[in-house]
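Got your viewer open? Take a seat and let's walk through this one together, one selection at a time.

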Amino acid sequence: MKIKHTLYILLLIFSLIPLYTFGIFMVYENDRTVESIMKENLAAISGSQIMNIKNFCDGRKEAMEMVAQYDIVRDAVEDSLDGKGERAANHEYLENLLIKRKTYNPFIASISIVDKNFHVVASSEPYEKGQRSDLKHADRKYLGGDFFIGDAYERKTSKGTTQMVAAYEGIFQDKELIGYVIEEIASSHFDEYRSKTNLWKDGTYYILDGNGKIITAGTPEEKRKKPITTKEQRKNYQEAWNAVDHEKNPSGEITYSYNGTEYITYYSNVNDTDWTIQITTNLSSHRATSRAYKGLLILTIISVSLLLIVIHYFLTRRLTRPLESIIGTLDKVQEKQDYSLRIESHTADEVGAMAGEVNRLLSYIEQENIEEKAQQHKLAKLAACDPLTGIKNKKAIEQAILDVIQNAADTQKRITLGFVDIDDFRNFNSKYGHQFGDDVIRFVADTLTDMIPGLVGRYGGDEFLFCYEAMWDREKTEDLAGHLLQKLNKGILNEELDKYIPTPCSIGIVSEEGSSLDYVFMLHKADQAMYHAKNAGKNTFFLAHCEENH
């Protein structure tokens, strides 16, 4: 059957195919993304809440720093420390200032100024002269002078027993800590963050202090008094929580199970506090919803598929599969650049003819590609090869070393670079002829190639470069250079004289690592080290960072 007949059949079922395709796509996307989207949303909610509380802390820090910097505040604290009498006018102004700040910030239960011995200097609340603040037993980690909001505690107020958190800000005079501005904040203020958070179904929101005490917790609609309700659930949660290295991971996620239900908790520390924000949701309920939705989609797909089985089989056999074979083969050819691949086709229709034409085209390109690659390989080898020695020429060795150094700089590895110069090379040409001089150069090149565990190249004339990557070991480097000189000094056989002629060389070596790696700099240091070896009497080596030569 011709393809045009197939297209006629395709038009008859064109209205059914979109539904079928849509169903498959929705099943796949639902299965793949629902949990991912849920996690991303939870992470975004967590990040948003952390930012909200950070902004709150930053606002309190700025306001308290402003109070701490008033001259009238510093004077009052110094008077308290010195035992001087209070200046009534200033004292009244200071207390009015604190009362106004409390009035403008309804979440503040009280604001006080105390000296470093916690004697109350001024407060928005009634107090007795010389009275010590109830916060005198505060943890010392809060009292370094930097802004900090401490853990939750309870105290009696006019409204009954109330849970509070205290914010501390140091008062300094000439860089000396002399007292504190202290704001007491009712922990109920933080219920607002929880109640305004849009959580997934069964989601809960927690802010816990450094002792694990609840500052606020629960769903947006309902406040909780305990983080987790059952002993077993608390145990499973605690095991997952304790398994995290919180110093290395101040924010992240944990998962735990209880009665076959899996939960995920996103957590993060809060700056300027010992608090932790935790947002938890029921993973299993989301997965159950996802499964129900997927089941409905699958049922729809199955019912539609029953109508399409015959047509699907026909299209796959006559049209789709041969076209996919052609496209797949061409994709592999493009990906692997392998023109030896061929399309399998057993049909006599237009698709089979197309496959045959593509195969003939591939055969032609394969032959052309083989010839081109052979020519390119030959030219590349000639371009990089020193014709006398067969090792890398100057351009090739420089590029190879540069590549190694750049890679080592990125990975903080150590590179050793050596510069080799044949001592008094002209004497070989003048005494034994230029042919023997060429033999000497080849001998040195072969010796370096045999003994150096890395790159070797001819830099020009009677000069050579070598480079290798290794951890710095002075003793091993000296041994390598010593054995190299030993072999060179054994010499090369002069067949006319029937004796070995030593080939003394001066070698400069430098070793660097990490961000210090720079090709031009290392080459310059190696060249200097080589000349240092020559000045030391030749036929020796010198390590650039060592004080003595060898």
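Here is a tour in a few stops, and keep in mind that the model is predicted.

**Stop 1: a sheet and its helix**

Start by selecting the open sheet of five strands, whose order is 8-7-11-10-9 with antiparallel pairing. Which strands stand at the edges? Color strand 8 (214-218) and strand 9 (251-258) and you have them: each has a single partner strand, so one side of each is left without a neighbour in the sheet. Now turn the view slowly and look for the twist, which averages 15 degrees from one strand to the next.

Next, put helix 6 (residues 231-242) on screen, since this helix packs on the sheet. Helix 6 touches strand 9, strand 10 and strand 11 (276-282), and its direction makes about 145 degrees with that of strand 9.

Zoom in on strand 9 and strand 10 (residues 261-269), an antiparallel pair joined by eight bridges. If you'd like to see who faces whom, pick Thr 255: opposite it, in strand 10, stands Ile 264.

**Stop 2: two salt bridges on strand 6**

A search of the whole structure turns up 20 salt bridges, and we'll visit a few. Show the side chains of Lys 116 and Glu 176, where the closest N and O atoms are 3.6 Å apart. Lys 116 sits in the loop between strand 1 (108-115) and strand 2 (120-123), while Glu 176 belongs to strand 6 (residues 176-186), so this pair ties together parts that are 60 residues apart in sequence. Add a surface and you'll find Lys 116 partly exposed, at 38% relative accessible area. Glu 176 is partly exposed as well, at 44%.

Stay on strand 6 and slide along to Glu 184, which forms a salt bridge with Arg 155; here the closest N and O atoms are 2.8 Å apart. Arg 155 is in strand 4 (residues 153-157), so the pair links parts 29 residues apart in sequence. Is Glu 184 buried or exposed? Buried, with a relative accessible area of 7%, whereas Arg 155 is partly exposed at 23%.

**Stop 3: helix 11 meets helix 12**

Now select helix 11 (residues 434-451) and helix 12 (residues 474-490). Two packed helices are described by the angle between their axes and the distance between the axes. In this case the axes come within 10 Å and cross at roughly 145 degrees, and the crossing of helix 11 and helix 12 is right-handed.

Show side chains where they meet: helix 11 brings Phe 443, Val 444, Thr 447, Leu 448, Asp 450 and Met 451, and helix 12 brings Leu 480, His 483, Leu 484, Lys 487 and Leu 488. By class, that contact has seven nonpolar, two polar and two charged residues.

Lys 487 and Asp 450 form a salt bridge, with the closest N and O atoms 3.8 Å apart. One is in helix 12 and the other in helix 11, so they tie together parts that are 37 residues apart in sequence. Lys 487 is partly exposed at 32% relative accessibility, and Asp 450 is exposed at 58%.

**Stop 4: Thr 477 and a last network**

Still on helix 12, click Thr 477. Thr 477 counts as buried because its relative accessibility is 6%, and buried means under 20%. Which residues does Thr 477 touch, not counting those up to four places away in sequence? Select Tyr 468, Trp 472, Ile 509 and Leu 543 to see them.

To finish, select Asp 191, Arg 194 and Lys 223, which are linked in a network of salt bridges.

How values were computed:
Residues are numbered from 1 along each chain as its sequence is written. This is a predicted model: local features need pLDDT of at least 70, side-chain atom pairs count only at pLDDT 80 or more; totals for chains, interfaces and linings use all residues. Side-chain values use heavy atoms; hydrogens and water are left out. Two strands pair if DSSP finds at least two bridges between them. Helices (H or I, at least four residues) and strands (E, at least two) are DSSP runs, numbered from the N terminus. Axes are lines fitted to C-alpha atoms, for helices over the stretch in contact, and angles run from 0 to 180 degrees between N-to-C directions. Contact means heavy atoms within 4.5 Å. Buried means under 20% relative accessible area, exposed over 50%, partly exposed in between (1.4 Å probe, protein chains only). A crossing is left-handed if the near helix is turned anticlockwise from the far one by less than a right angle, and right-handed if clockwise. Ala, Val, Leu, Ile, Met, Phe, Trp, Tyr, Cys and Pro count as nonpolar, Asp, Glu, Lys and Arg as charged, and the others, Gly among them, as polar. A salt bridge is a side-chain nitrogen of Lys or Arg within 4 Å of a carboxyl oxygen of Asp or Glu.
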